[in-house]
Amino acid sequence: MDWSVVRRLWEKLAPNNVGYSGHPLKAALLINYDPNGPSRLLSTIAEQEGIRADPTEISQFINFVKRNNLQTESFFIGANQYLVTSIHESCFCARCLNTPKQAGEGAVVMLTSAFVLVGLYEGSVGSASRAMVAVDQLSGQLNRRNL
């Protein structure tokens with residue numbers, strides 16, 4: 001895997017999509033992930049923006065993804081607990097169960113051949129749509145390069 005390509009893509013797309021004022025995502029994570037690899041290989045945080053993710057929590061999140069019980073379990077990222085609300089071919093969306101924000105918060109999780117991309121957003125339907133587009137952009141770039 002060419003990490004310099006991944007880094008350049010992240011540096012190009014993340015600053016334009018992640019932030020609080022006027023950006024579709026409040027935070028994003030790119031997690032190295034090989035669903036067919038041995039279980040002793042831990043997934044690592046390849047990139048992150050707007051969040052300081054804990055590797056232990058990310059490991060638990062990746063286990064959630066691997067178990068594929070998306071409709072019967074919830075997952076945590078940071079202090080927030082998320083419940084999956086919709087499942088698509090290569091991604092799923094979730095809403096935060098314990099947010100103090102009136103408009104709510106959510107997550108878009110997209111799987112590529114080598115990564116799990118997580119986009120966190122604040123707001124409701126319109127915000128979710130903008131977040132999906134932002135996550136899909138980066139995922140599309142990774143997929144075009146077979147990453």
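Strands β1 and β2 (residues 45–49) run antiparallel and are joined by 4 bridges. Two strands count as paired if DSSP finds at least two bridges between them. Helices (H or I, at least four residues) and strands (E, at least two) are DSSP runs, numbered from the N terminus. The model is predicted: local features need pLDDT of at least 70, side-chain atom pairs count only at pLDDT 80 or more, and totals for chains, interfaces and linings use all residues. Residues are numbered from 1 along each chain as its sequence is written, and side-chain values use heavy atoms, with hydrogens and water left out.

Within the β1–β2 pairing, Ile-31 has Ile-45 of β2 as its bridge partner. Strand β1 (residues 27–32) also pairs with β7 (residues 115–122), in the antiparallel sense and over 6 bridges. Here Leu-30 is matched with Leu-117 of β7. Strand β1 is mostly covered, as 5 of its 6 residues are buried. Buried means under 20% relative accessible area, exposed over 50%, and partly exposed in between (1.4 Å probe, protein chains only).

A further antiparallel pair is formed by β3 and β4 (residues 80–87), with 4 bridges. Ser-74 has Leu-83 of β4 as its bridge partner. Side chains alternate along β3 (residues 74–77). Phe-75 and Ile-77 point to one face and are buried, while Ser-74 and Phe-76 point to the other and are not. The hairpin of β3 and β4 has 2 residues between the strands, and Gly-78 there takes a positive phi near 65°. Asn-68 also has a positive phi, near 60°, in a residue other than glycine. Asn-68 is placed in the loop between α2 (55–67) and β3. Asn-68 counts as exposed because its relative accessibility is 55%.

The loop between α1 and β1 contains Val-18. This loop also holds Tyr-20. Val-18 is buried, with a relative accessible area of 9%. Tyr-20, at 60% relative accessibility, counts as exposed. The C-alpha atoms of Val-18 and Gln-48 are 10.0 Å apart in space, with their positions 30 residues apart in sequence. For Tyr-20 and Gly-50, 30 residues apart along the chain, the C-alpha separation is 8.8 Å.

Salt bridges were considered next. A salt bridge is a side-chain nitrogen of Lys or Arg within 4 Å of a carboxyl oxygen of Asp or Glu. By this rule the count is 5 salt bridges. Lys-26 and Glu-105 meet through their side chains in one of them, at 2.2 Å from N to O. This pair links distant parts of the chain: Lys-26 is in the loop between α1 and β1, Glu-105 is in β6 (residues 105–111), and the two are 79 residues apart. Both Lys-26 and Glu-105 are buried.

Glu-122 forms a salt bridge with Lys-101, and their closest N and O atoms are 3.7 Å apart. Glu-122 lies in β7 and Lys-101 in the loop between β5 (91–96) and β6, so the pair ties together parts that are 21 residues apart in sequence. Glu-122 is partly exposed, at a relative accessible area of 30%. Lys-101 is partly exposed as well, at 36%. Elsewhere, Arg-7, Glu-11 and Glu-47 are joined into one network by salt bridges that share partners. Within this network, Arg-7 forms a salt bridge with Glu-11, with the closest N and O atoms 3.1 Å apart. Arg-7 and Glu-11 are separated by about one helical turn, because they are 4 residues apart in helix α1. Arg-7 is partly exposed, with a relative accessible area of 38%. Glu-11 counts as partly exposed at 44% relative accessibility.

Positive charge also gathers on the surface. Arg-8, Lys-12, Arg-144 and Arg-145 form a patch of positive charge there. Patches are made of residues with over 30% relative accessible area and no salt bridge; like charges are joined within 9 Å, and nonpolar side chains (Val, Leu, Ile, Met, Phe, Trp, Tyr) within 5 Å. Lys and Arg count as positive and Asp and Glu as negative, whereas His and the chain ends are not counted. Arg-8 lies in helix α1 (residues 3–17). Arg-8 counts as exposed because its relative accessibility is 51%.

Notes:
Areas by Shrake-Rupley, 256 points an atom, 1.4 Å probe, with all protein chains shown as cover. Charge placed at Lys NZ, Arg CZ, Asp CG, Glu CD.
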